[in-house]
Amino acid sequence: MSDIKVVVFGQKRGSELLGATREAFNIGRQLADKLGGQLGALVIGSNTADAGKQAIAAGADVCFTVEDESLEQFKDDAYATIFAELIKSKSPQVVLGVANFYGKALVGRVAGILGYSLASDCIGLDIVDGNLAATRPAYGGKVHQTVKFKSDIQIATIRPKIFAEATPDDSRQGTVEAFSPASRESKLQVETGKVETSGEISLAEADIVVAGGRGLKEPENFKHIRDLADAVGGAVGASRAVVDAGWIPYKHQVGQTGRTVNPKLYFAIGISGAIQHLVGMQSSGTIVAVNRDADAPIFNVATYGIVGDLFEIVPALTEKFRSELRN
Ligand code: FAD
């Protein structure tokens, strides 16, 4: 049996590990130290040697790589088969991924293949009496539940932007090692890949999110949200009401059936604060709500509430931020 106690899935874009993955390395390192063992990692796709070195710098002792250009695009079936095989062969106690779009698809599937439980979207992880204790939001975030695993393999995903990122240390020693899985077959073929973001800040990774809702009245008025997002260097978010109405693409939707975000600063503009929206943003550091209805439920979670007409307030805020940040 190897001495690897914790293994992290190293999600990357091109040859760069994602910021959220570096957060998993940081907490993974702490858990491995508490368990008195090594931290392992897995990266799949192209340029894996580069990503492997970053994994070592981020805290891994050993990074397994599956170099295969045909797997550069995420394929949940092939990735899950490979990750599950690595877990079986190295027998780590703790398996970690990130609860983002890919991580949720991958780690859930891995837990299914291995027949183990999964604690998803965790906001706290620790070792208690030798086992993983995972804290996760439940009942729409009203309850923070801590679950303790009793199985030999303990699988969790972490909510992005809760744990600090590992600070890279290029002088760290570790091994980057090729892993040859028995199968890497996928029933999925990616035909085309089109970048749609054109320089936009990604919602999941943003420190500031400016989100708009039906209070904007019509799609053209999303301009006010984009202007404020531009002024503060934030990403654009939206309620489901405006996504369903076709004002803005689904990738901007925050909430139960959209993305969960956890930025340092969240602006909720013309959004009533339905529970399905709140579950996707209420753990944000500071929440600023603009709504003309003083009784809107969004004010129950807001750090700062501005009661008034967004068409007056948002352009004024944008102008203020532009002039302050320019100076
Ligand atoms: P509204 O509820 O219509 O609120 C508009 C707000 O704008 C009001 O509070 C109003 O006072 C304010 N306003 C109007 N004019 C102005 C003005 N001039 N200035 C300032 N304020 C103004 N919703 C999500 O957001 N995300 C989800 O993921 C999601 N998933 C769902 C899943 C399910 C199964 C279901 C049933 C619903 C889901 N919803 C989700 C929908 C959710 O219940 C709400 O319908 C939706 O969030 C409402 O969007 P809104 O706040 O933009 O619109």
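User: What makes a run of residues a helix here?
Analyst: A helix is a DSSP run of H or I with at least four residues, numbered from the N terminus. This is a predicted model. Helix H6 (240-244), helix H7 (275-278) and helix H8 (310-326) each give at least two residues to the shell around the ligand.

User: Which residues come nearest to the ligand?
Analyst: The shell holds 26 residues, and Lys-217, Ser-239, Thr-257, Ser-272 and Asn-291 come nearest. By class, the shell has six nonpolar, 14 polar and six charged residues.

User: What makes the approach of Ser-272 to the ligand a polar contact?
Analyst: The cut-off for a pair of N or O atoms is 3.5 Å. A polar side-chain atom of Ser-272 lies 2.7 Å from a ligand oxygen atom, so the pair is within 3.5 Å and counts. The protein buries 77% of the 990 Å² that the ligand exposes when taken alone.

User: Where does the backbone approach the ligand?
Analyst: A backbone N or O atom of Gln-256 is 3.0 Å from a ligand oxygen atom. For Gly-270, the distance from a backbone N or O atom to a ligand oxygen atom is 3.1 Å.

User: Which pocket holds the ligand?
Analyst: The ligand sits in the second largest pocket.

User: Why is the pair of Phe-9 and Tyr-79 called tilted?
Analyst: The structure has seven aromatic pairs. In the pair of Phe-9 and Tyr-79, the ring centres are 5.9 Å apart and the planes meet at 50°, so the pair is tilted. Stacked needs under 30 degrees, and edge-to-face needs over 60. Phe-9 is in strand S1 (residues 4-9) and Tyr-79 in helix H3 (residues 76-90), 70 residues apart.

Methods: Residues are numbered from 1 along each chain as its sequence is written. This is a predicted model: local features need pLDDT of at least 70, side-chain atom pairs count only at pLDDT 80 or more; totals for chains, interfaces and linings use all residues. Side-chain values use heavy atoms; hydrogens and water are left out. A residue is near a molecule or strand if one of its heavy atoms lies within 4 Å of it. A polar contact is a pair of N or O atoms within 3.5 Å; within protein, one must be able to donate a hydrogen and the other to accept it, and residues adjacent in sequence count only if both atoms are side-chain atoms. Accessible areas come from the Shrake-Rupley method with a 1.4 Å probe; for residues, only the protein chains shown count as cover. On a 1 Å grid over the protein atoms alone, a cavity is a set of points where a 1.4 Å probe fits but cannot get out, and a pocket is an open set with protein on both sides within 12 Å along at least five of seven lines; lining residues have an atom within 4 Å of a point. A molecule sits in a cavity or pocket if more than half of its atoms lie within 2 Å of its grid points. Ala, Val, Leu, Ile, Met, Phe, Trp, Tyr, Cys and Pro count as nonpolar, Asp, Glu, Lys and Arg as charged, and the others, Gly among them, as polar. Rings of Phe, Tyr and Trp (its six-membered ring) pair if their centres lie within 6.5 Å; planes under 30 degrees apart count as stacked, over 60 as edge-to-face and the rest as tilted.
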